[in-house]
Amino acid sequence: MIRLNSIQLKYNYNCLKTKLILIHRDIHIANSIHALKTYRHSPDIINKSIGFVPTMGSLHQGHIELMKTAKLENNIVITSIFVNPTQFSQGEDFDKYPRNLQKDLDIMKSSKAVDCLFAPSTDEMYPLNALCHVEPSAFSNILEGKARPEFFRGVATIVAKLFNIVECSTAYFGQKDISQCILIQKMVNDLNFNTKIKVIETIREADGLAMSSRNAYLTSQERAKAAILYKALSQGKEFCEKQESVSRDVIIDEINKVLLTEELVTRIEYVSIASHIDMTELNVVNREKGAVISAAIRIGNVRLIDNILVGDANRILSDS
Ligand code: AMP
């Protein structure tokens, strides 16, 4: 009787395993650092160019575009899904951040762009005895860093760890998180990583709202009004392009004016007019030299960020 049960259990387990392998037979899944390294160093992969797309999951078209670009430019694409606790402040939405591995696997599979998914555990990525991290000090007091002082350290540290584990040729990031792109480019240069960084233009919904996993938190009423952020930034950009040079205060006023027309905008956290080299704030925007215009607002309780590039700042997309 006992023997029958164990055979039955084994049979069920094998059926389940076969089913999973069949469903995702094209995507190799590595749930640990060791599994990823074994895959990365296997004879079929070791000499191939590797495109890497780090994500926190809850995938949408913005992520897919990164994966497809990576696939066009590399032999093998590795994507990671890791909801990184160190870039959330206390009381932020870490626990309720959307997680659905099965759905993400289906999306990755239909993209036909991903060869391997790296989905490590938090315990393995952050062992209790860890001592070191990457501290981008100049960033700790700007934009996201102002409201969440540990944010940029969290981003730089996890990306450095992922780069060391994955050993990719090129890593792909979205313009949607522009300060993160500029930070990672700085980190790679400053610390001599052997990784090229590519930045892909923000993918938007039809009304201009930047695609984001957090858009799912918007009520239908809030969603209908959320494109106000892109509208305001576009107005700021248009204003900069009309004149040879414009002072930051005038641009910020222009953007605020548009945002304040929408009563569902409950808070304007920041509007930033910054250099595309290092994200330092600019007093004046020269039409040619350009700027990164970015903002974070709340619609109801949902925090939305977005940015737009003016003049030479567009080089972030072409140079990378
Ligand atoms: P996340 O999962 O939100 O950490 O994002 C993973 C990567 O996808 C980051 O490089 C993001 O900048 C990028 N990304 C997120 N949303 C978009 C979007 N709408 N368009 C392009 N890239 C995006």
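What follows is a conversation about a predicted model and its ligand.

Visitor: What makes Met 56 a polar contact of the ligand?

Guide: A polar backbone atom of Met 56 is 2.9 Å from an oxygen atom of the ligand. The cut-off for a pair of N or O atoms is 3.5 Å, so the pair counts as a polar contact.

Visitor: What about Gly 174?

Guide: The backbone serves there too. An N or O atom of the Gly 174 backbone lies 2.9 Å from a ligand oxygen. That pair is within 3.5 Å, so it is a polar contact.

Visitor: Which part of Asp 177 faces a ligand oxygen, side chain or backbone?

Guide: The side chain. One of its N or O atoms is 2.6 Å from an oxygen atom of the ligand. The limit is 3.5 Å, so this pair also qualifies.

Visitor: How much of the ligand does the protein cover?

Guide: On its own, the ligand has 480 Å² of accessible area. The protein covers 92% of that.

Visitor: Where does the ligand sit?

Guide: In the largest cavity. The term "sits" applies because more than half of the ligand's atoms lie within 2 Å of the cavity's grid points.

Visitor: How many residues surround the ligand, and which are the closest?

Guide: The ligand has 16 residues around it. The closest are Met 56, Gly 174, Asp 177, Ile 203 and Met 211. Each residue of the shell has a heavy atom within 4 Å of the ligand.

Visitor: Which elements supply at least two residues of that shell?

Guide: Strand S2 (50-55), helix H3 (61-73) and strand S5 (170-174) each do. H3 gives the largest share, with 3 residues.

Visitor: How does the shell divide by class?

Guide: It has 6 nonpolar, 7 polar and 3 charged residues. Gly counts as polar in this scheme, so Gly 174 belongs with the polar residues. Asp counts as charged, so Asp 177 belongs with the charged ones.

Visitor: Now away from the ligand. Why is Lys 112 called exposed?

Guide: Its relative accessibility is 71%. Exposed means over 50%, so Lys 112 meets the term. The residue is in the loop between helix H4 (101-111) and strand S4 (116-118). Its phi is positive, about 55 degrees, although Lys 112 is not a glycine.

Visitor: Why is Glu 167 called partly exposed?

Guide: Its value is 35%. Buried means under 20% and exposed over 50%, so Glu 167 falls in between. Glu 167 lies in the loop between helix H7 (151-166) and S5. It has a positive phi of about 50 degrees and is not a glycine.

Visitor: What makes Val 77 buried?

Guide: Its relative accessible area is 0%. The term needs a value under 20%, so Val 77 is buried. Its place is in strand S3 (residues 76-81). Val 77 and Val 114 are 37 residues apart along the chain, yet their C-alpha atoms are separated by 5.1 Å.

Visitor: Why is Arg 223 partly exposed?

Guide: Its relative accessible area is 25%. That is not under 20% and not over 50%, so the middle term applies. Arg 223 is in helix H9 (residues 220-225). From its C-alpha to that of Lys 71 is 32 Å, with the two positions 152 residues apart in sequence terms.

Visitor: How do you know that Glu 281 is partly exposed?

Guide: Its value of 37% lies between the 20% and 50% limits, so the label follows. Glu 281 lies in the loop between strand S8 (265-274) and S9. Glu 281 and Leu 143 are 138 residues apart in sequence and 10.0 Å apart, C-alpha to C-alpha.

Visitor: And what makes Arg 287 partly exposed?

Guide: A relative accessible area of 29%, which is again between the limits of 20% and 50%. Arg 287 is found in the loop between strand S9 (284-286) and strand S10 (291-299).

Technical notes
Residues are numbered from 1 along each chain as its sequence is written. This is a predicted model: local features need pLDDT of at least 70, side-chain atom pairs count only at pLDDT 80 or more; totals for chains, interfaces and linings use all residues. Side-chain values use heavy atoms; hydrogens and water are left out. A polar contact is a pair of N or O atoms within 3.5 Å; within protein, one must be able to donate a hydrogen and the other to accept it, and residues adjacent in sequence count only if both atoms are side-chain atoms. Accessible areas come from the Shrake-Rupley method with a 1.4 Å probe; for residues, only the protein chains shown count as cover. On a 1 Å grid over the protein atoms alone, a cavity is a set of points where a 1.4 Å probe fits but cannot get out, and a pocket is an open set with protein on both sides within 12 Å along at least five of seven lines; lining residues have an atom within 4 Å of a point. Helices (H or I, at least four residues) and strands (E, at least two) are DSSP runs, numbered from the N terminus. Buried means under 20% relative accessible area, exposed over 50%, partly exposed in between (1.4 Å probe, protein chains only).
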